[in-house]
Amino acid sequence: MDTFDFQWSEWKKHSSISPSHFQSLVTDFLSRMNLCSDFFSNKTILDAGCGIGRYTLASAMLGAHVVAIDLVNSGIHQTRQFTKKLPNVDCVQGDLLHSPFKFESFDFVFSVGVLHHSPNPQAAFERIARLVRRDGLLYIWVYRKRSPLLETMNVFLRTFTARLPLRFLYALSFLLIPFASVIVGYKLGVHGTFDWCAPKYQHHFTEQEVLNWYEKMGFKEVKLVIYNKFKKCGFGVIGHKSP
Ligand SMILES: C[S@@+](CC[C@H](N)C(=O)[O-])C[C@H]1O[C@@H](n2cnc3c(N)ncnc32)[C@H](O)[C@@H]1O
């Protein structure tokens, strides 16, 4: 079973997003991308690697037509549940690397916490960059390369954890919280610890590496977007595709 399929099934058992959290979800989404709410109305948007669909829901509530894609069934199933009352959402289970979408068909593509789990993150980036229409926007958020000591600690941790049976690792995550939290630079819970320790692939990047990806694909006005809550472990980048 894919680690994320297991993760989202467990998430569903213990958590939810209630209507009272919708406004804070939208606020979190807008500050994460550094965009204003007016931007979304009537835009066609792709949530590339939607997970349980928290940001699919936020962007649909802001008036966009949103297509959400994820590799794993439990994530797409949960995204459908969250957005079932919204007519402006389409959910697709599939692989970003072989997605069925036409090139240059989205006004805005965003991908939060996904590309670093690809076996070839730059190829995955180039694939989603081609889906953005001319003058459209692309936002990604990826893990940051940390100090040599933290990177070494992480290799040590994950060499062991990414091979464990998933149910065993989920239980063990309670004990791993302090160690993983030091590496990530953020106080994790059980779910976050599992999310860090389980995936087979986990790549870390410098800001310059990612800025170079954007430049290579012909994006202009490329900016770093630092989201304070997770600034030690990752960073966002947004750019305009040349008209
Ligand atoms: C850490 S989660 C992030 C989910 C969501 N973007 C969020 O911020 O809540 C990473 C997600 O990317 C999905 N994913 C990884 N590689 C993918 C691929 N090649 N195609 C589609 N989805 C992928 C995983 O299944 C997982 O649900």
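The domain bounds used here come from an automatic or database domain assignment. The structure is a predicted model. Its chain is divided into domain 1, made of residues 3–145 together with 204–241, and domain 2, made of residues 148–197. Taken over C-alpha atoms, the centres of domain 1 and domain 2 are separated by 24 Å. Where the domains meet, ten residues of domain 1 are in contact with nine residues of domain 2. On the domain 1 side of this contact, the residues divide into four nonpolar, three polar and three charged.

The ligand is the next point to look at. There are 20 residues around the ligand, and those that come nearest are F4, G49, G51, L96 and V112. Two elements, helix α3 (54–61) and strand β2 (65–70), give two or more residues to this shell. By residue type, the shell around the ligand holds ten nonpolar, six polar and four charged residues.

Helix α2 covers residues 22–33. Does its length agree or disagree with what a helix of twelve residues should span? At 1.5 Å a residue, the expected span is 16 Å, and the end C-alpha atoms of α2 lie 17 Å apart, so the two agree.

Which residues of α2 are buried? They are F29, R32 and M33. These residues cover an arc of only 85° around the axis, and therefore sit on the same side of α2. Q23, S24 and T27, on the other side of α2, are exposed. The cover over the buried residues of α2 includes helix α3 and the strands β4 (106–112), β5 (132–143), β6 (219–225) and β7 (234–241). Helix α3 thus appears in two places, as it also gives two or more residues to the shell around the ligand. Just after α2, N34 takes a positive phi of about 60°.

Strand β5, one of the elements that cover the buried residues of α2, contains V142. Why does V142 count as buried? A residue is buried if 20 or more other C-beta atoms lie within 10 Å of its own, and V142 counts as buried because it has 26 C-beta neighbours inside 10 Å. Leaving aside residues up to four places away in sequence, V142 touches L115, H116, F205, V210 and G234. V142 and H203 are 61 residues apart along the chain, yet their C-alpha atoms are separated by 8.5 Å.

Key: Residues are numbered from 1 along each chain as its sequence is written. This is a predicted model: local features need pLDDT of at least 70, side-chain atom pairs count only at pLDDT 80 or more; totals for chains, interfaces and linings use all residues. Two residues are in contact if their C-beta atoms, placed from the backbone, lie within 7 Å. Ala, Val, Leu, Ile, Met, Phe, Trp, Tyr, Cys and Pro count as nonpolar, Asp, Glu, Lys and Arg as charged, and the others, Gly among them, as polar. A residue is near a molecule or strand if its C-beta atom, placed from the backbone, lies within 6 Å of it. Helices (H or I, at least four residues) and strands (E, at least two) are DSSP runs, numbered from the N terminus. The expected span of a helix is 1.5 Å times one less than its number of residues. A residue is buried if 20 or more other C-beta atoms lie within 10 Å of its own, exposed if 12 or fewer, and partly exposed in between; C-beta atoms are placed from the backbone. The arc is that of the directions from the helix axis to the C-beta atoms.
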